[in-house]
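Please open the structure in your viewer and keep the selection panel at hand. The tour proceeds by selections, and each stop states what is to be found there.

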Amino acid sequence: MVASTDIKFYVHTNNNAPQLQNAYGSMINVLNACLVDGIQIGSISSLTASGKTVTATFSSAHNLMQYQVIKIAGAAQAEFNGEHRVLTAPNAQTITFELAAVPSVTAATGTITASLPPLGWEKPFSSTNANGGGKAAYRSKNLLLASRPFLRVVDELDPAYTATYAKFAKVGIVEDMSDINTMLGAQAPYDSTNPDQNWVGSTGGTAATTFNGWAKWYYAKSSDAPVATPDSANAAAGVRNYILIGTDSWFYVLPATITNSFNKMCYGFGNFQSLLAVDTASTFLSSTYDYKNVGAAQYIADTVAATKGNQVSLLLQRKYDLSAAPNTARVCTLAINSYAQTTTGAESSAVSYQGVIPFTPVVIYETGSVVRGVLPNLHWLFQQKPFTDLQKFSKDGSAFVAVTVASATLSGQVVFNLGKL
């Protein structure tokens, strides 16, 4: 069976990948490439088949990772073209993948190129800012979903803010939009007494009286999680590590906030698996969710990945009864242990396990004692950091990747399923 290609991921080390830097617009650039446009990897000098296994040799270093999904184009023999999961990366210039059937020739011809195809989302509305960055609204194109709200992203300098401060994109779920600045229906987060609370900054002239955003995706800060620092502390230059993983229905973007760090925030948006009989608002948003003045020291890891297994905030489009008020839910694990990290950072004692360290899905627990659903593809590991960051492994015929994340006081790891091999 040919490996599935529905779940795709992208990392900052990929050729031509946009970078998260101390500059407005960085997050939008990453979302544009991974969700909508794709990323060109380079030209292929040869495609040779041995049975159904194909070896692709690039003209220069490909900088691909095992199990990424690439798109081959330009081969004169159509059976080589299309999306394929990288099965191995033997060296800097070659990869292998598998075809559904033995091709008609052993060596493809043509002007052949490779790219990282996008997840297949749309960006119907956007604007740019003269000071850098701008606004964008993204939406799944999967018409089979019960609802397709927008992810609205504001990644630009707010007049109330200072350009040298921490950089983040303000994010929110918006049920409907007619243009980038006209929002209709339910929003999350939302305060009816201050409708612009998440989108427009306010200031009394000092850091202690300046507020800017409520739900945020940080990508440049003065310190690494789990250190608490104010947004008013200047962020340093340089690129940040990140991975974005998802499908046409959901995605997670996990950025570090300082250079050369593996501690990432687990941000995400999209459709979750609802357990209700009727749920036409099964959309989640994971973010740093805190409305504080920019001079207040704060942890940024107030996300799904905050304290492994503990209950932390998660924004949902609507309540379980589908009323328009946005809902802040909690998340917890299905089994083994749902308590926060111990002082050693391990939920399970440091014993030797047979096979893979145990992990489990994450359940959404809504106010009112309702188990609303399961977050897509996100799994807690029950040891602190048994893998290296971005380490791949296989289990029960599927590929997985472990990602190092940060909490308010410690760091740990989460696991994503990359699909059947």
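**Salt bridges**

The model on display is predicted, and it holds 12 salt bridges. Several of them serve as the opening stops.

Select Lys170 and Asp158 and display their side chains. The two side chains meet in a salt bridge, with an N to O distance of 3.0 Å. Lys170 belongs to strand β12 (residues 167-179), whereas Asp158 sits in the loop between β11 and β12, so the pair ties together parts that are 12 residues apart in sequence. Are these partners buried or exposed? Both Lys170 and Asp158 are buried.

Keep β12 in view and select Glu175 together with Arg318. These residues form a salt bridge whose closest N and O atoms are 2.8 Å apart. Here the pair links distant parts of the chain, 143 residues apart: Glu175 is in strand β12, and Arg318 is in the loop between β21 (313-316) and β22 (327-333). Glu175 counts as partly exposed because its relative accessibility is 24%. Arg318 has a relative accessible area of 17% and is therefore buried, the cut-off being under 20%.

Next, select Lys395 and Asp396. A salt bridge joins Lys395 to Asp396, and the closest N and O atoms are 3.7 Å apart. With a relative accessible area of 34%, Lys395 is partly exposed, while Asp396, at 64%, is exposed.

To end this section, select Glu122, Arg139 and Arg148. Salt bridges that share partners join Glu122, Arg139 and Arg148 into one network. Keep Arg148 highlighted for the next stop.

**Enclosed cavities**

A search of the whole structure finds two cavities of 30 Å³ or more. The largest cavity has a volume of about 60 Å³. To display its surroundings, select Trp121, Ser140, Leu145, Ser147, Arg148, Pro149, Ser249, Phe269, Gly270, Asn271 and Thr283, which line the largest cavity. Arg148 thus appears in this lining as well as in the salt-bridge network just visited. Which strand gives the largest share of the lining of the largest cavity? Strand β17 (residues 267-271) does, with three residues. By class, this lining has four nonpolar, six polar and one charged residues.

From Asn271, which is one of the lining residues of the largest cavity, extend the selection to Ser282. The side chain of Ser282 makes a polar contact with the side chain of Asn271, at 2.9 Å. Ser282 lies in the loop between β18 (273-274) and β19 (283-286). Ser282 is buried, with a relative accessible area of 5%.

Now move to the second largest cavity, which has a volume of about 40 Å³. Select Tyr24, Val154, Glu156, Tyr161, Ala166, Lys167, Phe168, Lys170 and Asn212 to show the lining of the second largest cavity. Lys170 returns here as a lining residue; its side chain was seen earlier in the salt bridge with Asp158. β11 and β12 each supply at least two residues of this lining, and β12 gives the largest share, three residues. The lining of the second largest cavity has five nonpolar, one polar and three charged residues.

**The largest pocket**

Keep Val154 and Glu156 selected, and add Lys135, Trp199 and Val200. The largest pocket is lined by 13 residues, and these five lie nearest its centre. Val154 and Glu156 also line the second largest cavity. About 150 Å³ of space lies in the largest pocket. Which strand gives the most to the lining of the largest pocket? Strand β11 (residues 150-156) does, with three residues. By class, the lining of the largest pocket has six nonpolar, one polar and six charged residues.

**Nonpolar cores**

For the last stops, select Leu47, Trp217 and Phe251. Of the 66 residues in the largest nonpolar core, these three touch the most other members. Extend the selection to helix α1 (residues 26-37), from which the largest share of this core comes, seven residues.

Finally, select Tyr67, Ile243, Phe272 and Leu390. These residues are among the members of a second, separate core of 31 residues.

Technical notes. Residues are numbered from 1 along each chain as its sequence is written. This is a predicted model: local features need pLDDT of at least 70, side-chain atom pairs count only at pLDDT 80 or more; totals for chains, interfaces and linings use all residues. Side-chain values use heavy atoms; hydrogens and water are left out. On a 1 Å grid over the protein atoms alone, a cavity is a set of points where a 1.4 Å probe fits but cannot get out, and a pocket is an open set with protein on both sides within 12 Å along at least five of seven lines; lining residues have an atom within 4 Å of a point. Grid points are joined across faces, edges and corners, and a volume is the space filled by probe spheres set on the points. Helices (H or I, at least four residues) and strands (E, at least two) are DSSP runs, numbered from the N terminus. Ala, Val, Leu, Ile, Met, Phe, Trp, Tyr, Cys and Pro count as nonpolar, Asp, Glu, Lys and Arg as charged, and the others, Gly among them, as polar. A nonpolar core is a set of buried Ala, Val, Leu, Ile, Met, Phe, Trp, Tyr and Cys residues joined through side-chain atoms within 4.5 Å. Buried means under 20% relative accessible area, exposed over 50%, partly exposed in between (1.4 Å probe, protein chains only). A salt bridge is a side-chain nitrogen of Lys or Arg within 4 Å of a carboxyl oxygen of Asp or Glu. A polar contact is a pair of N or O atoms within 3.5 Å; within protein, one must be able to donate a hydrogen and the other to accept it, and residues adjacent in sequence count only if both atoms are side-chain atoms.
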